[in-house]
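Below are some notes for a colleague on the ligand site and on the annotated positions. Please read them alongside the sequence and the structure.

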Amino acid sequence: MPKYLEVLEKAALFEGVPIIRKETQTFLRFLLTCHKPKRILEVGAAVGFSAIFMSEYMPSDCTITTIEKVEMRLQKARKNIKEASKSAKITLLEGDALVLLKELAGKEEKAYDFIFMDAAKAQYMNFLPEIMRLLCPGGLLITDNVLQDGTVAQSRFGVTRRDRTIHTRMREYLYTLTHMEELETAVVPVGDGVTVSTKKA
Ligand SMILES: C[S@@+](CC[C@H](N)C(=O)[O-])C[C@H]1O[C@@H](n2cnc3c(N)ncnc32)[C@H](O)[C@@H]1O
């Protein structure tokens, strides 16, 4: 990984920003190398680390659109993207993903061949209909943090009451991904758990 990304990673971790783990970085890099996407959509930019990371390993003619809604993070993401000289490659959309995904799906149906979902886990189910509209046949949908360090595999009585809603929603999301006719999905125990789905032609 280039030095400037290491610096960015350290700063994000120091500030407590939840960015993709090392193992997830390796896995994303592998998928980008295999799949060679042309248009990437990311839901959950935070301070831009994963978008900038992906931009280093995607093909030279590929572009990234990434979405973030928290103003403090947006400010840092804008600055980080500019300082990494990635403004021509990465478009930062500012606002709530549900609203923005609906707008995008209205004008860019099937435009993305690589979608990385890394936002509020409880909302993944709500994002899915628009994500399906935006993903092209043969495209990949990658979702991070699906196993919640293994707790998703436990009975709901094994998790604290506080975590139950997210536990229920994530199980529903996983069930949906693995049972949807249009998708072929693998649940991969990398990092915090990642799913890789491909949209059947
Ligand atoms: C895990 S962090 C993303 C980390 C980033 N992908 C990385 O690895 O560098 C999730 C981000 O999603 C954002 N987020 C959560 N729900 C959102 C929503 N509905 N719309 C837009 N952004 C959202 C949060 O503010 C947070 O910054």
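**Notes on the ligand site**

1. Of the 22 residues around the ligand, those that come nearest are G44, S50, E68, R73 and A97, a residue being near a molecule if one of its heavy atoms lies within 4 Å of it. This is a predicted model, in which local features need pLDDT of at least 70 and side-chain atom pairs count only at pLDDT 80 or more, while totals for chains, interfaces and linings use all residues. Residues are numbered from 1 along each chain as its sequence is written, and side-chain values use heavy atoms, with hydrogens and water left out.

2. By class, the shell around the ligand comprises 12 nonpolar, four polar and six charged residues, with Gly counted among the polar ones and Asp, Glu, Lys and Arg as charged. Helix 3 (49-57) and strand 2 (63-68) each supply at least two residues of this shell.

3. Polar side-chain atoms of E68 and R73 lie 2.6 Å and 2.8 Å, respectively, from an oxygen atom of the ligand, whereas for D96 the partner is a nitrogen atom of the ligand, at 3.1 Å. Taken alone the ligand exposes 600 Å², of which the protein buries 93% (Shrake-Rupley method, 1.4 Å probe).

4. The UniProt annotation "binding site", from an unreviewed entry, covers D118, D144 and N145; such annotations may be inferred rather than shown by experiment. Although spread over 28 residues of sequence, these positions cluster in space, with a largest C-alpha distance of 7.6 Å. D144 lies in strand 5 (residues 135-144).

Methods: A polar contact is a pair of N or O atoms within 3.5 Å; within protein, one must be able to donate a hydrogen and the other to accept it, and residues adjacent in sequence count only if both atoms are side-chain atoms. Helices (H or I, at least four residues) and strands (E, at least two) are DSSP runs, numbered from the N terminus.
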